[in-house]
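Got your viewer open? Keep the selection tool handy, and let's take a walk through this one together.

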Amino acid sequence: YKDEYNASEKAFLENEGFKVINIEGLGIEEAVKIGDVSPYEVYDMSRRVFKSEADGLLISCTNLRTVEILDLLERDLGKPVVSSNQATIWASLRLAGVEDKLERFGQLVRK
């Protein structure tokens, strides 16, 4: 996201009781261009932005391709990683009454 969106998201998350240690966006103005960012670019940015004192990592934006890297990031960071896509999939399945656990898409959907 752009800096102004990051500030809004940080305020929202902190209002909900989360402590945001670090936040950074790609600054991409056109939403359609976010889809051009490769999962491995997201991985590299996530590794760079992540702080070891954090309890986990949130990758926010449903237009970012994250599903392919969730397990890898969790393994490499040693912490849970939640992405907007993963959380949307998890919530949709639960709303539909599907309790299946999915492999390869992070801890959230394995539980």
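What follows is a tour of a predicted model, one selection at a time.

**Stop 1: the nonpolar core**

Start by selecting Val42, Leu57, Ile59, Leu64, Leu73, Leu77 and Val81. The largest nonpolar core has 15 residues, and these seven are the ones that touch the most other members. Now colour α3 (39–49), β1 (57–59) and α4 (70–77): each of them supplies at least two residues of this core. Which of these elements gives the most to the core? That's α4, with three residues.

**Stop 2: helix α4**

Stay with α4 and show the side chains of Leu70, Leu73, Glu74 and Leu77, which are buried. Then turn the view until you look down the helix axis. The buried residues fall within an arc of 100 degrees, so they line one face of α4. What do they pack against? Select α3, β1, β2 (81–83), α5 (84–95) and α6 (107–110), and you have the partners of that buried set.

Next, pick Leu77 alone. Leaving out residues up to four places away in sequence, Leu77 touches Arg47, Phe50 and Leu57. Step just past the end of α4 and you reach Gly78, which takes a positive phi of about 70 degrees.

**Stop 3: Glu74, a charged residue in α4**

Click on Glu74, in helix α4. Is Glu74 buried or exposed? With a relative accessible area of 7%, Glu74 is buried, because the cut-off for buried is under 20%. Show its surroundings: setting aside neighbours within four places in sequence, Glu74 is in contact with Lys79, Pro80, Val81, Gly106, Gln107 and Arg110. You can also draw a distance from Glu74 to Gly56, 18 residues away along the chain; their C-alpha atoms are 8.8 Å apart.

**Stop 4: Val81**

One of those contacts, Val81, is the next pick. Val81 sits in strand β2 and counts as buried, at 0% relative accessibility. Beyond its neighbours up to four places away in sequence, Val81 touches Leu57, Ile59, Leu70, Leu73, Glu74 and Gln86. Try a distance here too: from Val81 to Gln107, 26 residues along the chain, the C-alpha atoms are separated by 7.6 Å.

**Stop 5: the loop between β1 and α4**

Now move to Cys61, in the loop between β1 and α4. Cys61 is buried, with a relative accessible area of 8%. Check its backbone as well: Cys61 has a positive phi of about 140 degrees, although it is not a glycine. Most residues other than glycine have a negative phi.

Glu68 lies in that loop too, between β1 and α4. Glu68 is partly exposed, with a relative accessible area of 41%. Its C-alpha atom is 16 Å from that of Ile34, which is 34 residues away along the chain.

**Stop 6: the largest pocket**

For the last stop, select Asn22, Gly56, Leu57, Leu58 and Ile59. Of the 36 residues lining the largest pocket, these lie nearest its centre. About 960 Å³ of space lies in this pocket. Highlight α1 (3–15), α3 and β1, the elements that give two or more residues to the lining. Here α3 gives the most, with five residues. Finally, colour the lining by class: you should find 22 nonpolar, seven polar and seven charged residues.

Methods:
Residues are numbered from 1 along each chain as its sequence is written. This is a predicted model: local features need pLDDT of at least 70, side-chain atom pairs count only at pLDDT 80 or more; totals for chains, interfaces and linings use all residues. Side-chain values use heavy atoms; hydrogens and water are left out. A nonpolar core is a set of buried Ala, Val, Leu, Ile, Met, Phe, Trp, Tyr and Cys residues joined through side-chain atoms within 4.5 Å. Buried means under 20% relative accessible area, exposed over 50%, partly exposed in between (1.4 Å probe, protein chains only). Helices (H or I, at least four residues) and strands (E, at least two) are DSSP runs, numbered from the N terminus. Contact means heavy atoms within 4.5 Å. On a 1 Å grid over the protein atoms alone, a cavity is a set of points where a 1.4 Å probe fits but cannot get out, and a pocket is an open set with protein on both sides within 12 Å along at least five of seven lines; lining residues have an atom within 4 Å of a point. Grid points are joined across faces, edges and corners, and a volume is the space filled by probe spheres set on the points. Ala, Val, Leu, Ile, Met, Phe, Trp, Tyr, Cys and Pro count as nonpolar, Asp, Glu, Lys and Arg as charged, and the others, Gly among them, as polar. The arc is that of the directions from the helix axis to the C-beta atoms.
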